[in-house]
Amino acid sequence: MSMEAGDSRALFQGADWEFGTIQRAYDAVERVALGELGLNVYMNQIEVISTEQMLDAYSSIGMPLFYKHWSFGKQFARNEALYRAGMQGLAYEIVINSNPCISYIMEENTATMQTLVIAHAAFGHNHFFKNNYLFRQWTDANGILEYLDFAKSYVASCEERYGELAVEHLLDAAHALMNHGVHRYPRKRPADLASEERRERERRQHEERIYNDLWRTLPAKSAGREDNSVDERRRALLQLPQENILYFLEKTAPRLQPWQREILRIVRQIAQYFYPQSQTKLMNEGCATFTHYRIMNRLHEQGYLGDGAMMEFLHSHTNVVFQPTFDDRRYSGINPYALGFAMMQDIARTCTNPDDEDRAWFPDIAGNGDAMGTLRDIWTDYRDESFILQFLSPRLIRHFRLFGVVDDVNQPTMRVDAIHDERGYRRIRQALARQYDVAWLAPDIQIVDVNLAGDRRLILHHRALNRVLLEENDVRLVLQHLADLWGYDVLLKEIDPASDAVLKEHAASPRGNLLRPGN
Amino acid sequence: MHIVDRRLNPGGKSLANRQRFMRRAKSLIRKAVHESSASRSIKDADKGGEITLPIHGVHEPTLRRGGSGGMREYLLPGNKEYAEGDRISRPQGGAGGRGSEGSPEGDGQDDFRFALTQEEFVDLFLEDLELPDLAKRRVADTENLSWNRAGYSVSGSPANLALMRTVRNSLSRRIALKRPKTSEIERLTEELEALEADDEQPLADRAVRISALREEIDRATRRANLIPYIDPLDVRYKRFEAKPKPMAQAVMFCLMDVSGSMTEHMKDLAKRFYILLYIFLKRRYKHVDVVFIRHTHQAQEVDEDTFFYSPETGGTVVSTALDEMLRVVSERYRPEDWNIYGAQASDGDNTSSDNDRTASLLTRAILPICQYYAYLEVGREGESFPPGFVRRESDLWQTYSLVVRSGAPLAMRKVNHRRDIYPVFRDLFAKKVPAGAEASH
């Protein structure tokens with residue numbers, strides 16, 4: 001192919017695009033993504049939307065359809081005000097973990113940005129959604145859109161039948177507990193009906209086989225001895241202690257109507273659907289950013305992307321992976337794009353071009369020569385916490401100049417615990433990993449007991465890690481919601497896990513019939 | 001891969017959520033609206049705009065760790081000078097050491113700002129206000145009818161004859177019954193005449209043809225006579241149907257005493273009341289006219305500026321203003337076509353000899369044609385009477401009280417301070433649950 005032909009390979013000229021451009025860009029990106037990077041993706045659906053539609057999508061957690069609730073209206077009003085005032089830009093894209101994988105791209109993007117967005121979302125995120133073990137375990141990409149559709153119409157029909165207010169109170173309460181509506185560990189699959197029947201039959205046969213009339217003559221057990229085991233047995237029956245509060249309420253709360261249980265279930269299912277996303281933010285963005293960076297560079301090398309477009313891409317990319325230092329006014333936590341991308345790049349370098357330090361720290365992958373294969377495995381098998389714990393290299397700790405600070409309320413000052421030196425690498429790595437550990441970040445709150453025979457009071461424990469108590473105003477409000485749902489008194493004890501001492505207690509009683517329709 | 005263009009999808013997906021949010025935060029928004037309207041000039045009282053809500057009112061609580069106490073760990077990028085074991089004093093106001101703990105959900109926001117559209121603003125501003133029931137009933141009663149075309153009918157007055165439709169019916173009937181065309185008969189006649197005039201051919205040859213032609217012409221003519229060109233069956237008339245048309249226009253009469261005893265403050269109170277009434281009416285009628293009538297011992301219709309700002313001296317004869325109002329009504333605003341609202345502001349003075357005439361004018365002429373008539377007595381700012389003193393009722397107040405007592409639809413209120421205007425206005429137009437309303441349905 002001649003040089004002029006090379007020039008004419010460019011996918012587009014200038015910033016304007018039309019649907020043909022997007023198709024061409026998609027085809028070129030797909031060739032690199034599937035052919036060279038070996039990604040494995042759901043079928044893609046790319047939807048072009050306007051600014052207002054992007055604001056709409058923002059306010060329903062990025063989902064294309066969602067049930068109605070005032071909090072989404074609040075989100076929308078806030079985002080709109082910020083956007084109109086020019087205080088906040090909009091994302092270039094939103095991608096949904098569904099099959100087919102839907103990516104929203106904004107009509108205002110330039111042709112370069114559309115190419116970037118396709119590489120980032122339609123291939124980077126898409127690959128991660130399809131392959132990462134958390135998503136595979138917890139989410140059903142095939143069913144989510146249909147489920148949301150069901151949820152939306154179910155909530156709407158409840159509003160029609162029981163009144164908007166009753167539904168609103170219920171959703172308020174459910175949203176307040178949404179973070180405590182996820183199963184963190186896979187549960188035993190409930191037996192299906194066939195095996196249930198088989199078990200029943202076996203049990204009966206067993207009883208018949210061991211039947212002996214003599215047993216009848218044994219004296220009965222004295223009643224008093226059972227006291228301890230009654231408590232145990234009750235807790236076991238109620239599956240206590242239980243950290244999935246919404247699940248417990250759905251199954252056990254004595255005064256809820258069937259439709260209320262169903263709505264709790266909907267909120268719980270949606271929380272569960274988003275649960276993997278919160279645990280893989282860093283990796284997900286790292287994977288997508290790494291993917292788009294690789295693809296865009298390849299397209300440039302192959303002549304599909306002009307120099308001007310490449311400059312525009314690099315400008316945008318650099319903005320995305322910018323990490324301000326802690327004393328910078330723009331600092332708002334560690335940028336997952338920056339750290340994620342840096343770690344992916346670092347792993348790729350370790351695979352192909354390791355130095356002695358890499359060999360010492362990562363003997364398994366250093367110099368194995370297969371950067372993409374290694375990364376694909378990592379994207380499949382890790383989440384943020386384990387990923388950092390395993391792969392954050394001393395080189396990156398030095399690069400970001402990470403340091404750890406411990407702030408103990410009993411000390412007059414804070415103490416620098418570790419910096420980027422030999423003594424600090426592992427501690428920094430651990431501390432950073434903990435920052436991404438959902439189980440460590442979210443307060444550990446469990447339902448421990450309920451007195452079903454007596455006043456039915458629900459008792460919860462918060463094991464206050466490092467004696468950090470819950471935000472008091474919020475606790476009061478959330479407990480009120482919880483009491484409304486439970487229908488009886490609720491007590492939350494904050495406990496120091498080191499000494500089992502009760503640090504603080506909060507109690508709430510249900511408010512009349514707020515959740516009863518017609519009131 | 002599919003590319004879908006969603007840009008043309010209907011927008012406003014969040015509208016329902018926004019409405020729910022507005023309802024949820026209603027009391028807060030209402031308060032904010034009233035606060036912000038107090039600080040606005042009265043002229044843009046009905047403009048939309050940004051309002052600010054306190055964040056706690058629309059807070060969504062979650063169980064999360066508090067911002068202080070206990071032992072915390074932070075991990076931060078960008079170390080410049082610290083070595084392990086260094087002691088750092090706690091930063092003030094959350095800079096530096098914060099952040100890594102990362103408030104996940106909008107922790108520490110300021111107040112919540114968002115923009116209301118003009119409609120939403122006015123809605124909240126005039127929320128719960130309704131035209132008085134009396135006026136509503138009369139609005140329903142005095143609906144005029146408009147005649148709208150509604151297809152065709154077989155009977156009607158000749159003026160409404162639908163010519164096109166009639167001729168169309170006739171044409172299709174004539175075609176169906178094979179009525180011979182006039183031109184066809186003419187052609188046969190011409191041929192016959194030509195044949196008869198033709199002497200060159202022998203008569204015997206022509207005779208057969210001529211008699212055949214005569215017979216044909218005869219049959220055609222008979223047929224044409226039997227089948228009329230336009231049959232009564234064909235005739236159609238345009239049909240009209242009467243539809244009730246609600247009156248979509250209103251006129252608002254602003255009557256004000258401008259004699260020397262009315263201070264600027266009183267005029268300001270009156271103006272505020274008029275403006276509220278204007279906004280209110282404008283929301284319910286497509287078209288609202290405003291007529292300003294000022295009076296001393298004589299009355300005249302003036303423009304707005306003169307009404308409010310031009311000083312005038314003289315005595316006070318209220319009935320002149322009512323006369324003027326009646327004159328304007330009879331000239332320009334037929335009560336059948338217009339919803340008439342009257343609002344009168346005065347300090348209550350009237351020449352005592354005029355009171356009877358005022359009362360009778362009001363009862364006999366004005367109130368019957370008005371949807372609503374409000375009397376606002378404006379007083380001096382800070383006018384209050386120590387307990388034990390009985391305030392003397394003004395002439396006009398006493399006069400009007402008699403009218404009200406007789407059950408006439410007249411509303412009257414006293415206002416002394418600017419802050420009272422809005423409550424009084426709300427009070428006048430507040431939605432009332434009529435006692436007999438439920439039963440009468």
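**Notebook: one helix, two sheets, some cysteines**

I started with helix H5 of chain B, whose buried residues (under 20% relative accessible area with a 1.4 Å probe, protein chains only; exposed is over 50%, partly exposed in between) are Thr166(B), Ser170(B), Arg173(B) and Arg174(B). Seen down the axis of H5(B), these buried residues fall within an arc of 100°, so they line one face of the helix; the arc is taken from the directions from the helix axis to the C-beta atoms. The face turned away from that side carries exposed Met164(B), Arg168(B), Ile175(B) and Ala176(B).

A note on what I'm looking at: this is a predicted model, where local features need pLDDT of at least 70 and side-chain atom pairs count only at pLDDT 80 or more, while totals for chains, interfaces and linings use all residues. Residues are numbered from 1 along each chain as written, chains are lettered from A and ligands numbered from 1 in written order, and side-chain values use heavy atoms, leaving out hydrogens and water.

Next I looked up the span of H5(B). Its 15 residues, 163-177, reach 21 Å from first C-alpha to last, close to the 21 Å expected at 1.5 Å a residue (1.5 Å times one less than the number of residues). Helices here are DSSP runs of H or I with at least four residues, strands are runs of E with at least two, and both are numbered from the N terminus. Just after H5(B), Lys178(B) has a positive phi of about 55°.

Then the sheets. I found an open one with four strands in the order S3(B)-S4(A)-S5(A)-S4(B), paired antiparallel (pairing takes at least two DSSP bridges between two strands). Strands S3 (71-76) and S4 (87-88) of chain B are the edges with a single partner each, so one side of each has no neighbour in the sheet. Six bridges join S4(A), residues 403-408, to S3(B), and Gly404(A) sits opposite Leu75(B).

The other open sheet I checked is in chain A, ordered S6-S7-S8-S9 with mixed pairing. Its edge strands are S6 (444-450) and S9 (502-508), each pairing on one side only. S7(A) and S8(A) run parallel over six bridges, and Leu460(A) has Leu492(A) as its bridge partner in S8(A).

Last, cysteines. How many disulfides does the structure hold? I got zero over all chains, counting cysteine sulfur pairs within 2.5 Å. Cys101(A) is buried at 0% relative accessibility, and Cys351(A) is buried too, at 1%.
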